[in-house]
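Me: Hey, got a minute to go through a structure with me? I'd like to talk about its charged pairs and a helix.

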Amino acid sequence: MAGVVEAGTWERRERTDVLRFTLHLAQPVHQVWPAVATPAGLREWLAEADPLEARLGGAVTLRWLNAGGGGTVAEGTVTAWDLEHVAEYTVAGHGRVRFHLAPAGTTNGTVLRFTNEVPRAGEQDRLSRLAGWHQHLEHLAEALEGRPRDASAWTPDR
């Protein structure tokens, strides 16, 4: 799995911080799309998604579960939706979370460009967010390889 999740980058804007990751996945777009755009797929690597109304303007609630129970609940809206290309959710506390999928050139794989735009934060928050998303995206790659994670075992240690 080395090289699947490149190091993330962070851009400071006037009022927001923008985090970006690029993933080079072996699976074709039609296999990656359900992992980022359906409740069943998101559950295998990120969070419970209920509801997830698969349309622009639809409601979305993400529930991050962790070891010991509990977790974060983030309600929001589907702010971009282009079937098998773009799924974007803007949720409380996590800002804008965008997945952009494209075929990987001459291979059957997928290039996934992930963006997270959030209100500006301090250095420790930015580093924690980078590490957290990097870990979640590694879980995505593992789930796509047939090794979904147990969401309830997730801890913030990274």
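Reply: Sure, here is a quick chat about salt bridges and helix 1. This is a predicted model, where local features need pLDDT of at least 70, side-chain atom pairs count only at pLDDT 80 or more, and totals for chains, interfaces and linings use all residues. Residues are numbered from 1 along each chain as its sequence is written, and side-chain values use heavy atoms, with hydrogens and water left out.

Me: OK, how many salt bridges does the structure hold?

Reply: Ten, counting a side-chain nitrogen of Lys or Arg within 4 Å of a carboxyl oxygen of Asp or Glu.

Me: Which residue does glutamate 117 meet at 2.7 Å?

Reply: That's arginine 96, N to O. Glutamate 117 lies in strand 8 and arginine 96 in strand 7 (residues 95–103), so the pair ties together parts 21 residues apart in sequence. Strands here are DSSP E runs of at least two residues, helices H or I runs of at least four, both numbered from the N terminus.

Me: And what links up in a network of salt bridges?

Reply: Glu11, Arg13, Arg20, Glu88, Arg96, Arg98 and Glu117.

Me: Switching topic: which residues of helix 1 are buried?

Reply: In helix 1 (residues 29–37), they are Val29, Val32, Trp33, Ala35, Val36 and Ala37. Seen down the axis, the buried residues of helix 1 fall within an arc of 165°, so they line one face; the arc is taken from the directions from the helix axis to the C-beta atoms. Buried means under 20% relative accessible area, exposed over 50%, and partly exposed in between (1.4 Å probe, protein chains only).

Me: Where does arginine 96 fall on that scale?

Reply: Partly exposed, at 22%.
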